Amino acid sequence: MHQVVANTDILEANERMAGRNREHFKERGVYVVNLMSAPGAGKTSVLEETIRRLKNDYSLGVIEGDLMTTIDADRISALGIPAYQITTGMVCHLDARMVHNALHSFKVDALDLLFIENVGNLVCPAEFYMGEDLRVMVYSVVEGADKPKKYPIMFHESEAVLLNKIDLMPYAGISMDELCRNVLEVSPETVIFPISCRTGEGVEEWINWLKQRIASSRAEERSG
Amino acid sequence: MHEAAIAQSVIEIAEGVARRRGSTNVRKIKLRIGEFRGVVGDALEFSFQALKKGTLAANAELEVETIRLRVECRNCAGIEVAMDDFNLLCPRCGEPLNITAGREMQVEYVEID
């Protein structure tokens with residue numbers, strides 16, 4: 001019997017595949033956003049609002065992840081945007097291989113911006129990098145103020161948190177200060193955008209920030 | 001339940017180590033997993049037991065060392081924060097804390113015949 005030192009990252013195979021996805025995106029000049037949240041926080045509604053405001057300026061595409069059905073991809077297609085649905089069966093997150101396989105049939109060459117809507121889940125998606133440039137989380141005010149404390153990792157991994165459904169604040173029984181404080185305690189560098197997809201409040205601020213992120217990424221690429 | 005995906009990767013890594021050394025039996029796999037990773041020990045053990053059947057790790061035991069979360073402030077001296085009151089703002093100066101340990105997810109070593 002002998003002991004072999006490995007010191008290998010357990011998710012190394014996923015990271016390697018994600019690196020290949022990233023190269024694929026970079027070669028084609030596609031900026032990629034991974035959108036994560038609990039089920040029902042409003043990821044698809046956020047996407048619809050975001051698409052409406054960006055589609056005249058950018059060539060957009062969406063990869064949707066769900067356990068079952070093509071409902072979300074159909075909603076995106078209805079806006080005239082190419083959408084590809086990954087149905088994971090019983091898998092609770094998207095990983096780099098699923099996205100890699102999707103890229104065999106979903107061509108991103110003509111895109112400026114690709115959104116990957118992850119499976120609704122507050123735990124697992126945070127652990128699986130897919131080759132994206134930006135991780136954004138949707139957190140709806142009706143989920144309660146304690147979610148960042150209970151599920152700190154996904155919040156910590158997200159550069160921006162879209163605090164959605166603020167039109168329901170009067171019924172949520174919590175304060176905006178408390179929500180923001182709890183997010184910032186687990187993820188001090190995260191930018192928070194309070195938004196409502198129903199009224200449109202705050203969406204423009206999120207859009208402007210996203211545009212800036214895309215522009216600075218492009219500037220970095222050009223300067224090498 | 002991404003512990004199944006994690007257990008599968010652990011088995012594949014251990015099998016890779018065994019094959020490269022010409023071994024057909026893995027005895028033990030030692031993991032180092034940080035507190036600040038979304039991994040539940042019991043769920044990982046359960047998945048491991050289910051998935052190891054028919055692999056070179058069929059007889060292997062799994063040992064998981066949990067690495068405590070450690071943080072330090074850019075301004076103040078090192079501070080340890082417990083997971084049950086997870087706050088990455090420095091209790092003294094309010095600056096963001098840097099995580100120095102607790103994000104590990106590694107196969108440390110594999111014991112083979």
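The exercises below, each with a worked solution, concern a predicted model.

**Exercise 1. The sheet**

Find the order of the strands in the open sheet of chain A, and name the edge strands.

Solution.
- Step 1. The open sheet has seven strands, and the pairing is parallel.
- Step 2. Reading across the sheet of chain A gives the order 4-3-5-2-6-7-8.
- Step 3. An edge strand pairs on one side only, and this holds for strand 4 (83-87) and strand 8 (191-194) of chain A.
- Step 4. From one strand to the next, the twist averages 20°.

**Exercise 2. One pair of strands**

How many bridges join strand 6 to strand 7 of chain A? Which residue of strand 7 stands opposite Tyr139(A)?

Solution.
- Step 1. Locate strand 6 at residues 134-140 and strand 7 at residues 160-164 of chain A.
- Step 2. These two strands run parallel and are joined by five bridges.
- Step 3. Opposite Tyr139(A), in strand 7 of chain A, stands Leu163(A).

**Exercise 3. Helices on the sheet**

State which strands are touched by helix 9 of chain A, and which strands helix 4 of chain A lies across.

Solution.
- Step 1. Helix 4 (residues 96-105) of chain A lies across strand 3 (60-66), strand 4 and strand 5 (113-117) of chain A. Helix 4 runs at about 135° to strand 4 of chain A.
- Step 2. Helix 9 (residues 203-223) of chain A packs on the sheet and touches strand 2 (31-37), strand 5, strand 6, strand 7 and strand 8 of chain A. The direction of helix 9 makes about 140° with that of strand 2 of chain A.

**Exercise 4. The largest nonpolar core**

Which element of chain A gives the most to the largest nonpolar core? Which residues are in contact with Leu210(A), leaving aside neighbours within four places in sequence?

Solution.
- Step 1. The core has 30 residues, of which Phe115(A), Trp206(A) and Leu210(A) touch the most other members.
- Step 2. Two or more residues come from each of strand 2, helix 2 (43-54), strand 3, strand 5, strand 6, strand 7 and helix 9 of chain A.
- Step 3. Helix 9 of chain A gives the most, with six residues.
- Step 4. With neighbours within four places in sequence left aside, Leu210(A) is in contact with Tyr31(A), Val33(A), Thr50(A), Leu54(A), Phe115(A) and Leu134(A).
- Step 5. Another core, of 29 residues, lies apart from this one; among its members are Ala126(A), Ile166(A), Ile174(A) and Leu179(A).

**Exercise 5. Buried or exposed?**

Decide whether His100(A) and Ala73(A) are buried or exposed, and list their contacts beyond four places in sequence.

Solution.
- Step 1. His100(A) lies in helix 4 of chain A. The relative accessible area of His100(A) is 17%, and the limit for buried is under 20%, so His100(A) is buried.
- Step 2. Beyond four places in sequence, His100(A) is in contact with Met17(A), Arg20(A) and Asn21(A).
- Step 3. Ala73(A) belongs to helix 3 (residues 71-77) of chain A. Ala73(A) has a relative accessible area of 5%, so Ala73(A) is buried too.
- Step 4. Not counting residues up to four places away, Ala73(A) touches Glu64(A), Ala83(A) and Gln85(A).

**Exercise 6. The largest pocket**

Which elements give two or more residues to the lining of the largest pocket?

Solution.
- Step 1. The largest pocket holds about 370 Å³ of space.
- Step 2. Of its 14 lining residues, Ala13(A), Asn14(A), Asp95(A), Arg97(A) and Ser9(B) lie nearest the centre.
- Step 3. The elements are helix 1 (12-27) and helix 4 of chain A, together with helix 1 (3-20) of chain B.
- Step 4. Helix 1 of chain A gives the most to the lining, with five residues.

Key: Residues numbered from 1 in each chain as written. Chains lettered and ligands numbered in written order. Predicted model: local features only at pLDDT ≥ 70, side-chain atom pairs only at ≥ 80, totals over all residues. Heavy atoms only, no water. Pairing = 2+ DSSP bridges. Helix = DSSP H or I, 4+ residues; strand = E, 2+ residues; numbered from the N terminus. Axes fitted to C-alpha atoms, helices over the stretch in contact; angles between N-to-C directions. Contact = heavy atoms within 4.5 Å. Core = buried A, V, L, I, M, F, W, Y, C linked by side-chain atoms within 4.5 Å. Buried < 20%, exposed > 50% of the residue type's maximum accessible area, 1.4 Å probe, protein only. 1 Å grid on protein atoms, 1.4 Å probe; cavity = no way out; pocket = protein on both sides within 12 Å on 5 of 7 lines; lining within 4 Å. Points joined across faces, edges and corners; volume = space filled by probe spheres on them.
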